[in-house]
2 protein chains.
Amino acid sequence: MKINPADLNQVNVLKEAPLEDLNLLVEKSILRSVEEDSFYFFQGDPAKYAYILVTGRVKLVQSNPAGQQVNLRTIKQWEMFAALGAIRPDATYPVAAQALEPSSALAIESSLLREMMQTRPYLNFGLMQLMTGYIQEMQERYRELATEKVERRLALTILRLASQIGIKSQGQIELPLSQQDIAEASGSTIYTVSRTLSEWEKRGLIETGRGRIVMRNPHGLVEIAEGAESA
Amino acid sequence: MKINPADLNQVNVLKEAPLEDLNLLVEKSILRSVEEDSFYFFQGDPAKYAYILVTGRVKLVQSNPAGQQVNLRTIKQWEMFAALGAIRPDATYPVAAQALEPSSALAIESSLLREMMQTRPYLNFGLMQLMTGYIQEMQERYRELATEKVERRLALTILRLASQIGIKSQGQIELPLSQQDIAEASGSTIYTVSRTLSEWEKRGLIETGRGRIVMRNPHGLVEIAEGAESA
DNA sequence: CGTTGGGTTGATCCAACTCAAACGACGTGG
DNA sequence: CCACGTCGTTTGAGTTGGATCAACCCAACG
């Protein structure tokens with residue numbers, strides 16, 4: 001498969017990039033395809049590459065020593081991931097990247113990215129925007145985990161995921177995620193997620209299916225996320 | 001009070017900065033002093049300034065709608081804070097900055113910082129290092145909150161705080177924080193913190209006093225943080 | 001059509017939060 | 001220097017949200 005360099009303008013960090021830079025990136029990088037459930041890299045690997053996702057979906061997960069894991073982020077097409085490793089020459093990935101479905105991504109050598117950053121202000125700004133977004137999101141999620149009860153956290157998680165990777169189809173937003181994924185993204189368990197989603201489905205807020213959630217009434221979720229308790 | 005520009009080299013982000021830049025920063029910025037418990041800024045304020053802490057200690061806190069708050073970071077002398085606001089021209093502070101003791105900080109206009117970033121690669125790199133550090137720490141803390149029990153989280157929190165703001169005195173490390181601060185930093189309550197610290201004090205791991213914790217046996221804390229449960 | 005893996009549901013349990021009360025270190029003013 | 005009020009800390013008792021465990025259901029797929 002070939003990548004059209006011009007497509008890279010859809011990457012947030014590269015919106016301002018001149019075509020010659022995009023050509024350079026495509027030319028100097030390789031396209032890596034991984035099958036479903038396989039990994040682009042593991043937590044602790046040397047951060048040799050940054051990636052731009054070309055097809056499929058990828059999740060970034062972090063595990064504790066006991067193997068329990070949390071979902072830190074889900075990556076969609078034309079998103080850059082693992083860019084942090086490009087900053088420090090000797091860094092290791094603080095997370096693992098696992099394909100949610102058959103995927104392919106452009107693997108850019110961290111050293112190339114570092115070189116380019118020396119002379120391209122747009123790259124610095126783009127990466128900083130990306131990073132500040134991450135920081136703010138993680139701070140919010142941390143606070144939510146520390147202060148909010150699960151139902152509210154679940155609503156917040158689903159709304160956040162919807163804005164990040166939701167797929168619009170006939171006016172409705174669909175999340176192609178299993179309840180396991182939701183549990184790991186919200187800091188809960190599949191049991192509690194299942195019970196809560198069933199309850200919401202009864203109330204007509206959402207519709208659930210194997211590996212997907214359809215939002216029927218986003219406003220109702222917002223109310224749960226920030227409003228008063230349900231009776 | 002006067003700031004000696006050369007002192008700014010102690011700021012991580014400005015380690016590589018030439019003296020003329022430091023002079024410029026001091027000259028164009030103002031020194032703000034705030035008394036204990038007062039705020040440099042509140043969550044949601046327009047991010048007009050970035051700060052470098054000159055004296056005292058400051059904590060960054062985030063509150064939820066109900067007013068419960070979490071401690072995201074404690075700032076010590078010569079640390080830069082609120083630098084994220086400098087990235088986007090129209091940003092607001094996502095956290096509040098409250099003085100833990102009488103403090104003073106150099107208030108640098110965000111716009112000045114942005115201008116300087118255009119032509120000073122060291123600044124970009126410094127800020128990116130800072131940001132990647134934040135991201136990784138927040139990701140870790142998020143995972144800890146999601147997967148670890150309080151005792152372990154408390155140990156991790158105290159070890160982390162010790163490395164960030166611990167004060168070495170006669171071979172021991174002291175944390176000048178109240179149990180309220182520890183609770184807000186670890187995502188727990190003062191009651192659980194008090195009980196746990198009392199238990200640790202009985203075991204000789206630490207020593208507690210009003211508003212301070214002395215680490216007697218850091219290795220023991222590390223064991224709790226990553227080891228098996230205590231009998 | 002059998003197997004697999006996501007989802008559901010009920011029963012149980014416990015870690016940690018909540019609430020209430022008292023304690024004790026510290027600073028202040030008389 | 002003592003009395004007092006404040007505020008951080010401690011401790012006990014009671015409660016509970018949500019995790020855990022076990023069993024089952026059912027849709028998808030080879």
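Begin by selecting chain A and chain B together: the area buried between them is about 3,800 Å², and carbon and sulfur atoms give 71% of that area, where buried area is the accessible area (1.4 Å probe) that two parts lose on being put together, summed over both. This is a predicted model, in which local features need pLDDT of at least 70 and side-chain atom pairs count only at pLDDT 80 or more, while totals for chains, interfaces and linings use all residues. Residues are numbered from 1 along each chain as its sequence is written, chains are lettered from A and ligands numbered from 1 in the order in which they are written, and side-chain values use heavy atoms, with hydrogens and water left out.

**The protein interface**

Keep both chains displayed and colour the residues in contact (heavy atoms within 4.5 Å): 38 residues of chain A meet 38 residues of chain B. A search here for salt bridges, each a side-chain nitrogen of Lys or Arg within 4 Å of a carboxyl oxygen of Asp or Glu, gives a count of 0 between chain A and chain B. Polar contacts are pairs of N or O atoms within 3.5 Å; within protein, one atom must be able to donate a hydrogen and the other to accept it, and residues adjacent in sequence count only if both atoms are side-chain atoms. By that rule, 13 residue pairs across the interface of chain A and chain B are in polar contact, both residues being at pLDDT 80 or more.

Next, pick out the elements of chain A that give two or more residues to the side touching chain B: strand E4 (58-63), strand E5 (69-75), helix H2 (110-119), helix H3 (121-147) and helix H5 (179-186). Helices (H or I, at least four residues) and strands (E, at least two) are DSSP runs, numbered from the N terminus. H3(A) provides the largest share of this side, 19 residues.

**DNA strand C**

Now select DNA strand C and the residues near it, meaning those with a heavy atom within 4 Å. There are 19 such residues, and the closest are Gln179(A), Ser194(A), Arg195(A), Val150(B) and Thr192(B). Sugar and phosphate account for 53% of the strand C atoms that come within 4 Å of the protein. Zoom in on Ser194(A), where an N or O atom of the side chain is 2.8 Å from a phosphate oxygen of strand C. Then move to chain B, where the side chain of Arg195(B) places an N or O atom 3.2 Å from a base oxygen of strand C, and that of Arg210(B) places one 3.2 Å from a base nitrogen. Of the elements at this surface, H6(A) gives the most, with 4 residues.

**DNA strand D**

Switch the selection to DNA strand D, which 19 residues surround, the closest being Val150(A), Tyr191(A), Thr192(A), Gln179(B) and Ser194(B). Of the strand D atoms within 4 Å of the protein, 59% belong to sugar or phosphate and the rest to bases. A polar side-chain atom of Ser188(A) lies 3.3 Å from a phosphate oxygen of strand D, whereas Arg195(B) has a polar side-chain atom 3.0 Å from a base oxygen of strand D. At Gly211(B), show the backbone, since a polar backbone atom there is 3.1 Å from a phosphate oxygen of strand D. H6(B) gives the most to the surface near strand D, with 4 residues.

**An aromatic cluster**

Finally, return to chain A and select Tyr40(A), Phe41(A), Tyr49(A), Tyr51(A), Phe81(A) and Tyr93(A), which ring pairs link into a cluster; rings of Phe, Tyr and Trp (its six-membered ring) pair if their centres lie within 6.5 Å.

Terms used:
Rings of Phe, Tyr and Trp (its six-membered ring) pair if their centres lie within 6.5 Å; planes under 30 degrees apart count as stacked, over 60 as edge-to-face and the rest as tilted.
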